[in-house]
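Have a look at the model below. A few questions and answers follow, moving from the whole chain to single residue pairs.

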Amino acid sequence: MTSAPDPHPARPAPATALPRLIATDLDGTLLRDDKSVSDRTIAALAAAEEAGVEVFFVTGRPARWMDVVSDHVHGHGLAICANGAAVVDLHADGKLIEVRPLPRGTALDVVEALRAAAPGTSFAVELTTGIHYEPAYPPFHLDPGATVATAEKLLQEPTPGAGAPVIKLLAHHTDLAPDAFLTLARATAGERASITRSSPTALLEISGPGVSKASTLAQCCAERGISPAEVVAFGDMPNDVEMLSWAGTSYAMGNAHPDVIAAASGRTVANNEDGVAVVIERILAGGL
């Protein structure tokens, strides 16, 4: 006697839905310590785009330092730079699509406050046209055409940069510990501007009020109808904390700052071990 067919046959478990967007920091996250993008990471980024997942690079770098990844952005070609102060088109040689500036008057207020709270602080002013700095500011990646003067003079209109928007104020201290300097600056001037850091040294990055990687990424996602739950984000330093908290799924790198580990919903291996690629491969294989 043949048994009747099961009216409720077992169905295979549905595949995990892919995220709609991957947002990744660069230095200490996507990039290895030598600032290269590994072959494995290049392949993972391309596979994500091929699967219909948008990839956004979200970095503290200015647009002019994006050549290291400009060949690896597909589709839209957009990147979020300067901790959310600029959206650029890497397919158009870093053309500025949107700027969220730091008002010069606000920057002057922050300079005054930090000079009083942390004597010995030196400053640089990042404009859409390039960086300018004080004589005592350490020579990290300074442009040959930069103006050297006090921050107060650099922030005066119309020089330098012929009135170009300020996208970031940088503050450096030689003696304070990085996290202590950040805590002091936020207590002193955090109501005037967004203050964060991504360097292993006591170097702060100061943006306009409300400007962050998270707020600009949220805006870009809203324009695409993408919710936080559909975003996977990666980061390693305090300037990534808000973005990792905002994204539905987020990963701290194995080399991440403790605040980043606390903010993220997951953790991957270090940047030198291709931690971003490891997660992307797993996502594309059907699991977060």
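Q: How many helices and strands are there in the protein?
A: Keep in mind that this is a predicted model. Its C-alpha atoms fill a box of roughly 95 × 40 × 35 Å along the principal axes. Within the protein there are 9 helices and 13 strands.

Q: What percentage of the 288 residues in the protein is buried?
A: The cut-off here is that buried means under 20% relative accessible area. The surface that the protein exposes comes to about 12700 Å², with carbon and sulfur atoms supplying 55% of it. Of the 288 residues, the buried share is 51%.

Q: How far apart are the mean positions of the positive and negative charges of the protein?
A: The protein has 20 positive and 34 negative charges. Taking the mean position of each set, the separation is 2 Å.

Q: Which strand is joined to S6 by 6 bridges?
A: Let's start with S6 itself, residues 122-127, where 6 of 6 residues are buried. Ser-122, Ala-124 and Glu-126 point one way from the strand, while Phe-123, Val-125 and Leu-127 point the other way. Val-125 stands opposite Leu-169. The antiparallel partner joined by 6 bridges is S8.

Q: Through how many residues does a hairpin join S6 to S7?
A: S6 and S7 (residues 130-133) pair in the antiparallel sense over 4 bridges. In this pairing, Glu-126 stands opposite Ile-131 of S7. The hairpin joins the two strands through 2 residues.

Q: Which strands and helices do the buried residues of H9 pack against?
A: H9 spans residues 275-284, and its buried residues are Gly-275, Val-276, Ala-277, Val-279, Ile-280 and Ile-283. An α-helix has 3.6 residues a turn, so residues three or four places apart point the same way. Just after H9, Gly-286 takes a positive phi of about 115°. The packing partners of the buried residues are S1, H1, H2, S11 and S12.

Q: Which residue forms a salt bridge with Arg-32, and is that partner buried or exposed?
A: The side chains of Arg-32 and Asp-274 meet at 2.9 Å, N to O. The pair links the loop between H1 and H2 to the loop between S13 and H9, 242 residues apart. Arg-32 is partly exposed because its relative accessible area is 29%. At 8% relative accessibility, the partner counts as buried, and that partner is Asp-274.

Q: How many residues apart in sequence are the parts tied together by Glu-54 and Arg-224?
A: The two residues form a salt bridge, with the closest N and O atoms 3.3 Å apart. Glu-54 lies in strand S2 and Arg-224 in the loop between H6 and S11, so the parts tied together are separated in sequence by 170 residues.

Q: Which residues are linked in a network of salt bridges with Lys-213?
A: Lys-213 forms a salt bridge with Asp-240, their closest N and O atoms being 2.5 Å apart. Lys-213 is in helix H6 and Asp-240 in the loop between S11 and H7, 27 residues apart. Both ends count as buried because the relative accessible area is 1% for Lys-213 and 0% for Asp-240. The residues linked with Lys-213 in the network are Asp-25 and Asp-240.

Q: How many salt bridges does the count come to?
A: Side chains of opposite charge can pair when their charged atoms come close. The rule asks for a Lys or Arg side-chain nitrogen within 4 Å of a carboxyl oxygen of Asp or Glu. Counted this way, the number of salt bridges is 14.

Terms used. Residues are numbered from 1 along each chain as its sequence is written. This is a predicted model: local features need pLDDT of at least 70, side-chain atom pairs count only at pLDDT 80 or more; totals for chains, interfaces and linings use all residues. Side-chain values use heavy atoms; hydrogens and water are left out. Buried means under 20% relative accessible area, exposed over 50%, partly exposed in between (1.4 Å probe, protein chains only). Two strands pair if DSSP finds at least two bridges between them. Contact means heavy atoms within 4.5 Å. Accessible areas come from the Shrake-Rupley method with a 1.4 Å probe; for residues, only the protein chains shown count as cover. Lys and Arg count as positive and Asp and Glu as negative; His and the chain ends are not counted. The place of a charge is taken as NZ of Lys, CZ of Arg, CG of Asp or CD of Glu.
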